[in-house]
Amino acid sequence: MDDRIRLKVLGISYSQLQSGAYALLLCEEKGPHKIPIVIGGAEAQSIAIKMEGIIPPRPLTHDLFVSFAHAFGVKLVEVYIYKFEDGIFYSELTFSDGNRTVQLDARTSDAIAIAMRTHTPIYTTAEVVNETGFIINDHDLVDNDADSNRQDADVVTDADIPGADYFAEPRLENYAIEELERTLQQLTEDENYEEAARVNEILQRKRAERDHDKNSK
């Protein structure tokens, strides 16, 4: 197992080519390679909420899974992305209750969303890195760690990913109206009025766009 490569979450980009799809960007912890993984909107939202340090008013599916595991004394030991085949990343979760250890297959997006909530290490193989990884210069990335509650995560502001044309947008722009409403309510309750104003501006714009689409039909 010593030849495995540890990864960390770098950011999420919105795909202009595939509607409703996002690119989760991972990077080597001690290396230059970045790995893009196409994920769905729900998983992207779950990961983005964790990266932003937003606490939803009710637990999301991945939050519920973590709470369930902890309630029964089960710990997620590691996430292992062990294969890339036919455009799909294959991952497994290793759990332990102190006496027994089990491995479960999982979608990579779900595995990473759970790992971020449990501060669990993420590993892959050299073969996966060599097949799917690419290298971009540090100046292409913006480090916002000092201004956020996210851990070990940078925001990709303009990712030039080989094989796909991705453009990173502010993550709140990609939220559904219902999620923006819940986020606004939580920010208001927390008296985070500056951020609430930003969310409200986005929310009003999305509502106007929705109403315009309805009236034009």
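## Salt bridges and the surroundings of His62

The count of salt bridges comes to 7, in a model that is predicted. Among them is the pair formed by Arg4 and Glu78, whose side chains meet at 2.7 Å, taken from N to O. This pair ties together distant parts of the chain, since Arg4 lies in the segment before strand E1 (5-15) while Glu78 belongs to strand E4 (residues 75-85), 74 residues apart. The points below take up these salt bridges and then turn to His62.

**Arg4 and Glu78**

- Both partners of this salt bridge are shielded from the surface, Arg4 being buried and Glu78 being buried as well.

**Glu43, Arg107 and Asp110**

- The side chains of Arg107 and Glu43 form a salt bridge with an N to O distance of 2.7 Å, and this pair also links distant parts of the chain, with Arg107 in strand E6 (residues 101-107) and Glu43 in helix H1 (residues 41-52), 64 residues apart.
- Arg107 has a relative accessible area of 48% and is therefore classed as partly exposed, because that class lies between the 20% limit for buried and the 50% limit for exposed.
- Glu43, by contrast, counts as buried because its relative accessibility is 12%, and buried means under 20%.
- Salt bridges join Glu43, Arg107 and Asp110 into a network.

**Arg210 and Asp211**

- A salt bridge is also found between the side chains of Arg210 and Asp211, where the N to O distance is 3.6 Å.
- Arg210 is partly exposed because its relative accessible area is 34%, and Asp211 counts as partly exposed because its relative accessibility is 34%.

**His62 and its contacts**

- His62 is part of helix H2, which covers residues 61-71, and it counts as buried because its relative accessibility is 9%.
- Leaving aside residues up to four places away in sequence, His62 touches Ser46, Asp110, Ala113, Ile114 and Arg117; of these, Asp110 is also a member of the salt-bridge network with Glu43 and Arg107.
- With Ser46, the contact includes a polar one between the two side chains, at 2.8 Å.
- With Ala113, the C-alpha to C-alpha distance is 6.7 Å, although His62 and Ala113 are 51 residues apart in sequence.

How values were computed. Residues are numbered from 1 along each chain as its sequence is written. This is a predicted model: local features need pLDDT of at least 70, side-chain atom pairs count only at pLDDT 80 or more; totals for chains, interfaces and linings use all residues. Side-chain values use heavy atoms; hydrogens and water are left out. Helices (H or I, at least four residues) and strands (E, at least two) are DSSP runs, numbered from the N terminus. Buried means under 20% relative accessible area, exposed over 50%, partly exposed in between (1.4 Å probe, protein chains only). Contact means heavy atoms within 4.5 Å. A polar contact is a pair of N or O atoms within 3.5 Å; within protein, one must be able to donate a hydrogen and the other to accept it, and residues adjacent in sequence count only if both atoms are side-chain atoms. A salt bridge is a side-chain nitrogen of Lys or Arg within 4 Å of a carboxyl oxygen of Asp or Glu.
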